[in-house]
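Hi,

Here is the structure I promised to pass on. Have a look at it first, and my notes on what turned up follow below.

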Amino acid sequence: MAATTIVDMALWRAFHRATTTVVAAVVTASILSAPWTPVAGTAPASGTDQGYGWPLSPVPSVVRRFEPPSQRWLAGHRGVDLAAPAGSVVRSAGDGIVHFSGQVAGKPVVSIRHPDGLLTTYEPVTGSVREGASVSRGSPIGVLDSGHAGCRSACLHWGARRGAGASAVYFDPLALLGLVRVRLKPLQPGDG
């Protein structure tokens with residue numbers, strides 16, 4: 001009976017690994033083939049094909065990368081910080097409608113709702129656009145202010161999310177530009 005149990009366990013492990021591999025392949029295929037239905041925490045796989053671009057010109061350097069928290073209620077960095085001098089023109093990363101332009105907790109913020117349901121945010125930006133206005137990729141939406149926490153000089157905090165409130169899912173906006181690779185992690189130590 002012990003030999004049967006060992007064989008059963010070996011078969012179970014093989015079945016589990018095979019199932020895990022198939023599930024990972026299906027998830028990866030769905031991410032790559034359906035860019036407008038992203039998995040939580042990921043962005044469309046080919047953002048530049050979908051009409052997204054940098055919110056600053058020339059292409060800025062990334063001062064601080066996206067650092068999502070392990071739990072939604074913990075502290076984290078839910079966007080990227082892009083280096084630029086105060087007074088730089090900030091542009092919409094894609095076509096959309098101005099969702100908000102004003103102050104949030106004393107900081108000037110502009111947010112754009114895109115046709116695919118994504119919301120991009122830009123701060124600290126004194127908006128030159130009004131809520132409800134249509135914007136195109138590259139349209140000026142405001143001017144960069146100084147004073148973003150964590151930046152030695154001025155920088156733009158650029159964020160992206162799907163949903164709102166408790167259901168909001170933040171992701172790395174650099175994925176909109178095709179600059180983020182999706183990597184699958186092993187489920188258990190030793191899985192290759």
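For aromatic pairs, the rule I used is that the rings of Phe, Tyr and Trp (its six-membered ring) pair if their centres lie within 6.5 Å. By that rule, the count here is 0 aromatic pairs. Keep in mind that this is a predicted model.

There is still a ring with a charge for company. The charged end of R78 sits over the ring of Y170, 5.9 Å from the ring centre.

Now the overall layout. The protein has 1 helix and 11 strands, and reading along the sequence gives α-β-β-β-β-β-β-β-β-β-β-β. Of its 192 residues, 34% are buried. If you take the contacts between residues at least 6 apart in sequence, 57% of them join residues at least 24 apart. As for the surface, about 11100 Å² is exposed, and carbon and sulfur atoms supply 60% of that.

On to the inside. The largest nonpolar core has 26 residues. Those with the most contacts inside it are V90, I112, Y122, I141, L156, W158 and L176. Several strands feed this core: β2 (80–83), β5, β6, β9 (140–144) and β10 (155–162) each supply at least two residues. The largest share, 3 residues, comes from β10.

I112 is a good place to click around. Leaving aside its neighbours within four places in sequence, I112 is in contact with S92, G94, G96, I97, V98, H99, L118, L119, T120, Y122, V135 and I141. Two residues in that list, Y122 and I141, also appear with I112 among those with the most contacts inside the core.

Last, the charges. How many salt bridges does the structure hold? There is 1, and E123 forms it with K107, with the closest N and O atoms 3.1 Å apart. E123 lies in strand β6 (residues 118–123) and K107 in strand β5 (residues 107–113), so the pair ties together parts that are 16 residues apart in sequence. The two partners are covered to differing degrees: is each one buried or partly exposed? E123 counts as buried, because its relative accessibility is 15% and the cut-off for buried is under 20%. K107, with a relative accessible area of 37%, is partly exposed.

That's the lot from my side.

Cheers

Note on methods: Residues numbered from 1 in each chain as written. Predicted model: local features only at pLDDT ≥ 70, side-chain atom pairs only at ≥ 80, totals over all residues. Heavy atoms only, no water. Salt bridge = Lys/Arg side-chain N within 4 Å of Asp/Glu carboxyl O. Helix = DSSP H or I, 4+ residues; strand = E, 2+ residues; numbered from the N terminus. Buried < 20%, exposed > 50% of the residue type's maximum accessible area, 1.4 Å probe, protein only. Phe/Tyr/Trp six-rings, centres within 6.5 Å; stacked < 30°, edge-to-face > 60°. Lys NZ or Arg CZ within 6 Å of the ring centre and 35° of its normal. Core = buried A, V, L, I, M, F, W, Y, C linked by side-chain atoms within 4.5 Å. Contact = heavy atoms within 4.5 Å. Areas by Shrake-Rupley, 256 points an atom, 1.4 Å probe, with all protein chains shown as cover.
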